[in-house]
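Hi everyone, thanks for making time for this. I'd like to walk you through one structure today, so please have a look at it before I start.

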Amino acid sequence: MKKTIALWAALTAAAVLVTGCTASAAEERGAGAPARTASPATGESGETGDSGKAGEAGREAPGAAAAAAYRKWGLKPFAAPPAPPAVKPVVRPAGGPVPVISEIPTREKIVFITIDDGAEKDPEFVRMMKDLDVPVTMFLTDSAIRADYGYFAPLVAQGHGLANHTLTHPNLRTLSQEGQRREICGQQTKLKERYGTTPRLFRPPYGNWNEATRAAAGECGVDAIVLWRESMQIKNMQYQRGDRKLHPGDIILAHFRGPSELKGRTMTEMTATMLRKIQEQGFTVARLEDYV
């Protein structure tokens, strides 16, 4: 009997030992399982950590996408411009004369890009502006754009500013106030009809204006006459100041031009060169309409 009891005890102990080992292995596997299936919010396990990293990569994606877009055009991303001021620094007083500006009063290292006329209609420029998301203001002349009004619609849809540059691009100083009014108000109406937006800003062709221009522009609902401090040529910037440098708030003039006017270069190449020169001097680009 004693032998039987001893044998039974030994078998029971062996069974417990085997069961214990099996349970330990299962517990080890179980300890690993929660780590693989843990909530991504905890980030406690190795695999969850990877998911967390994937989430971080997702959050970085917009910046990465912007960098890739800029690389496509041989550029580096611009720093984000500061938030626009709560009160615009250039305001036309109620019933007062239309202000004439060539720069925006600010201490921020920002400049403003304006592009005139509309003769060149390079599809690559539309793609470039969509990729880079750099704000520009387009001062359009009806005689230059009427062959293809549709070209400028996607640029307006991208949020770029729509501004007035007269119907036929005359030297306004040679016209009476009524003649100037017809040129300015006529283009206000045309642009409103074509793009659904009435421009607030006006640029006189060649930068030529007089007091009759201000009066006519005021009658047409213009908030400011916009001149410039620098103009982009084929490869170089032309400066009005002797130090040949950009200054905070400067307005830069460019044109819708193609290879025939740019000695074989495209508008996108000219624009890329202009953006590099802005960036090299430590400036970024802001939206003109946020300040006027």
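When I talk about accessible area, I mean the Shrake-Rupley area with a 1.4 Å probe. On that basis, the surface of this chain comes to about 15300 Å², and carbon and sulfur atoms account for 56% of that. Please keep in mind that what you see is a predicted model.

Let's get our bearings. The chain has 292 residues, and 41% of them count as buried. You can pick out 8 helices and 10 strands. How much of the contact network joins residues at least 24 apart, if we take contacts between residues at least 6 apart in sequence? The figure is 72%.

Now to the cysteines, which I know some of you like. The count comes to 1 disulfide. Cysteine 185 pairs with cysteine 220, with 1.8 Å between the sulfur atoms. Which hand does this disulfide have? The torsion about the S-S bond is about -100 degrees, so the disulfide is left-handed. Cysteine 185 sits in helix H6, residues 177-195, while cysteine 220 is in the loop between helix H7 (211-219) and strand E6 (224-226), so the bond ties together parts that are 35 residues apart in sequence. Are these two cysteines buried or exposed? The cut-off for buried is under 20% relative accessible area. Cysteine 185 has 16% relative accessibility, so it counts as buried. Cysteine 220 is buried as well, with a relative accessible area of 10%.

Next, the pockets. As a general point, rolling a probe the size of a water molecule over the atoms shows where empty space is left. The largest pocket here has a volume of about 330 Å³. Its lining is made of 20 residues, and Ala80, Pro81, Asp133, Pro135 and Val285 lie nearest its centre. Which elements supply at least two residues each to that lining? They are helix H2 (46-72), helix H3 (123-132) and strand E10 (284-285). By class, the lining has 15 nonpolar residues, 1 polar residue and 4 charged ones.

The second largest pocket has a volume of about 160 Å³. The residues lining this second pocket include His160, Thr197, Arg200, Arg287 and Glu289. Strand E4, residues 161-164, gives the largest share of that lining, with 3 residues. Here the classes come out as 5 nonpolar, 4 polar and 3 charged.

Let me stay with helix H3 for a moment, since methionine 129 is found there. Methionine 129 has a relative accessibility of 3%, so it counts as buried. Who are its partners, once neighbours within four places in sequence are set aside? Methionine 129 is in contact with Val134, Val136, Leu155, Gln158, His160 and Thr271. You may recognise His160 from the lining of the second largest pocket. There is also a long-range pairing to point out: methionine 129 and threonine 268 are 139 residues apart along the chain, yet their C-alpha atoms are separated by 9.3 Å.

Another buried residue is aspartate 117, in strand E2, residues 110-117. Its relative accessible area is 18%, so aspartate 117 falls on the buried side. Leaving out neighbours within four places in sequence, aspartate 117 is in contact with Phe139, Leu140, Thr141, Ala144, Ile145, His165, His169 and His255. Take the phenylalanine on that list: aspartate 117 and phenylalanine 139 are 22 residues apart in sequence, and 6.2 Å apart in space from C-alpha to C-alpha.

Last, some backbone details. Most residues other than glycine have a negative phi. Tyrosine 206 has a positive phi of about 65 degrees, although it is not a glycine. Tyrosine 206 lies in the loop between strand E5 (201-202) and H7. With a relative accessibility of 53%, tyrosine 206 counts as exposed. Arginine 244 also has a positive phi, near 55 degrees. Where is arginine 244 in the chain? Arginine 244 is in the loop between strand E8 (237-239) and strand E9 (251-255). At 53% relative accessibility, arginine 244 counts as exposed.

That's my tour, and I'm happy to go back to any part of it with you.

Technical notes: Residues are numbered from 1 along each chain as its sequence is written. This is a predicted model: local features need pLDDT of at least 70, side-chain atom pairs count only at pLDDT 80 or more; totals for chains, interfaces and linings use all residues. Side-chain values use heavy atoms; hydrogens and water are left out. Helices (H or I, at least four residues) and strands (E, at least two) are DSSP runs, numbered from the N terminus. Buried means under 20% relative accessible area, exposed over 50%, partly exposed in between (1.4 Å probe, protein chains only). Contact means heavy atoms within 4.5 Å. A disulfide is a pair of cysteine sulfur atoms within 2.5 Å. On a 1 Å grid over the protein atoms alone, a cavity is a set of points where a 1.4 Å probe fits but cannot get out, and a pocket is an open set with protein on both sides within 12 Å along at least five of seven lines; lining residues have an atom within 4 Å of a point. Grid points are joined across faces, edges and corners, and a volume is the space filled by probe spheres set on the points. Ala, Val, Leu, Ile, Met, Phe, Trp, Tyr, Cys and Pro count as nonpolar, Asp, Glu, Lys and Arg as charged, and the others, Gly among them, as polar.
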